[in-house]
Amino acid sequence: MENSISLNWEKELLPLLNTDFVGRNIHHHQQLDSTNLQAKRLANSNAPEGCVVFAEQQILGRGRLGRKWESPANDGIWMSILLYPNLSPDKISCITLVAGYSVCRAISQLGLEAKIKWPNDIVIGSRKVCGILTEMVAQGQSNISVVVGIGINVNNDSFDGELSDKACSLYMESGKKFQRIDIAAAILNCFEQDYNNFCQNGFEAICEDYNKHCCNVGRQVVISGTNGSFTGKAINVTEKGALLVQTEQGETEVSSGEVSVRGMLGYV
Ligand code: BT5
């Protein structure tokens, strides 16, 4: 079993990376408010692109729309990647999808059947194992930094309260405890590949494979956004990263901003 307190993340993680820039600069903390907040602070001090912030525990772990992300000590990977993309704002929202795809690929390499729940969750079966929160920081007129926050439950034994039937960990799904550093390295390696591919060739470069890994495709879904909710059948995720939904009124494209998607009968 790993002794997470004594792990020297920088020393152990670097040899596992095959990246050029992602994870080449590592900040590891025992406790933070939120790795996303810390990465934003680093953006303001011009930290290098690809630097990654890890925390053993987050006190103010955040989800979208002010929701809370449970980040107990030592059981999960709570990390944020800092990027300085040279992309238009509509493309920047696809970075969440790219990161979800990378996490899904990395978990699949462990032999577990992870799926992407568009736009920002990774599930195993019908439970959430990972959530992604991408945030933008504007610096001046033209400089934009993006922080990709990834929370993945690794060695948790169980979850309480509202998460008890909604969340899972890699351990709960496989019966195996994992070295978090190996999983973090696999995610960062996949992410750099996918992110470079996306920046050079657009979301269309991964779209077909993304759809194969997306659990919403072909299902009845409830879409909830700031303007209320509607139901329909998810047809696919388009080359622009939107969810194409068949409703009684016809087809509509839902963009990945602040929407939540649920199944008709439950979370997936
Ligand atoms: C997310 O939001 O799923 C984005 C989560 C991002 C977390 C990472 S950890 C590193 C970085 N630093 C941060 O502060 N955040 C990022 P959303 O789609 O809004 O889902 C939030 C919902 O997921 C909550 O309302 C709960 O229902 C559920 N949830 C909370 N903690 C969970 C956990 N540990 N595992 C599974 N589900 C959880």
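This report describes helix packing, ligand surroundings and backbone features in a predicted model.

**Helix 4 and its partners**

Helix 4 covers residues 95-108, and helix 6 covers residues 180-201. Their axes come within 8 Å and cross at roughly 140°. Angles over 145 degrees would count as roughly antiparallel, and the crossing angle therefore makes helix 4 oblique to helix 6. The crossing of these two helices is right-handed. On the side of helix 4, the contact involves Ile95, Val98, Ala99, Tyr101, Ser102, Val103, Arg105 and Ala106. Helix 6 contributes Ala186, Ile187, Cys190, Phe191, Gln193, Asp194, Tyr195 and Phe198. Sorted by class, the contact of helix 4 with helix 6 holds 12 nonpolar, two polar and two charged residues.

Helix 4 also packs against helix 7, which spans residues 204-212. Here the angle is about 55° and the axes are 11 Å apart. Helix 4 and helix 7 are therefore oblique to each other. Their crossing is left-handed. Leu97, Val98 and Tyr101 of helix 4 meet Ile206, Asp209 and Tyr210 of helix 7. By class, this contact of helix 4 with helix 7 has five nonpolar residues, no polar residues and one charged residue. Val98 and Tyr101 of helix 4 appear in the contact with helix 6 and also in the contact with helix 7.

**Around the ligand**

The ligand is surrounded by 28 residues. The closest are Ser34, Arg62, Arg67, Lys128 and Lys166. The table lists polar contacts between the ligand and the protein.

| Ligand atom | Protein partner | Distance |
|---|---|---|
| Oxygen | N or O atom in the side chain of serine 34 | 2.8 Å |
| Nitrogen | N or O atom in the side chain of threonine 35 | 3.1 Å |
| Nitrogen | Polar backbone atom of glutamate 70 | 2.9 Å |

Serine 34 thus appears both among the closest residues and in the table, through its side chain. For glutamate 70, the atom concerned belongs to the backbone.

**Backbone features in loops**

The loop between strand 2 (52-58) and strand 3 (76-83) contains leucine 65. This leucine 65 has a positive phi of about 50°, although it is not a glycine. Asparagine 74 is found in the loop between strand 2 and strand 3 as well. The phi of asparagine 74 is near 75°, again a positive value in a residue other than glycine.

Another loop runs between strand 4 (114-117) and strand 5 (121-124), and proline 119 is located there. Tryptophan 118 and proline 119 are joined by a cis peptide bond, with omega about 0°.

Notes
Residues are numbered from 1 along each chain as its sequence is written. This is a predicted model: local features need pLDDT of at least 70, side-chain atom pairs count only at pLDDT 80 or more; totals for chains, interfaces and linings use all residues. Side-chain values use heavy atoms; hydrogens and water are left out. Axes are lines fitted to C-alpha atoms, for helices over the stretch in contact, and angles run from 0 to 180 degrees between N-to-C directions. Helices (H or I, at least four residues) and strands (E, at least two) are DSSP runs, numbered from the N terminus. Angles under 35 degrees count as roughly parallel, over 145 as roughly antiparallel, 65 to 115 as roughly perpendicular and the rest as oblique. A crossing is left-handed if the near helix is turned anticlockwise from the far one by less than a right angle, and right-handed if clockwise. Contact means heavy atoms within 4.5 Å. Ala, Val, Leu, Ile, Met, Phe, Trp, Tyr, Cys and Pro count as nonpolar, Asp, Glu, Lys and Arg as charged, and the others, Gly among them, as polar. A residue is near a molecule or strand if one of its heavy atoms lies within 4 Å of it. A polar contact is a pair of N or O atoms within 3.5 Å; within protein, one must be able to donate a hydrogen and the other to accept it, and residues adjacent in sequence count only if both atoms are side-chain atoms.
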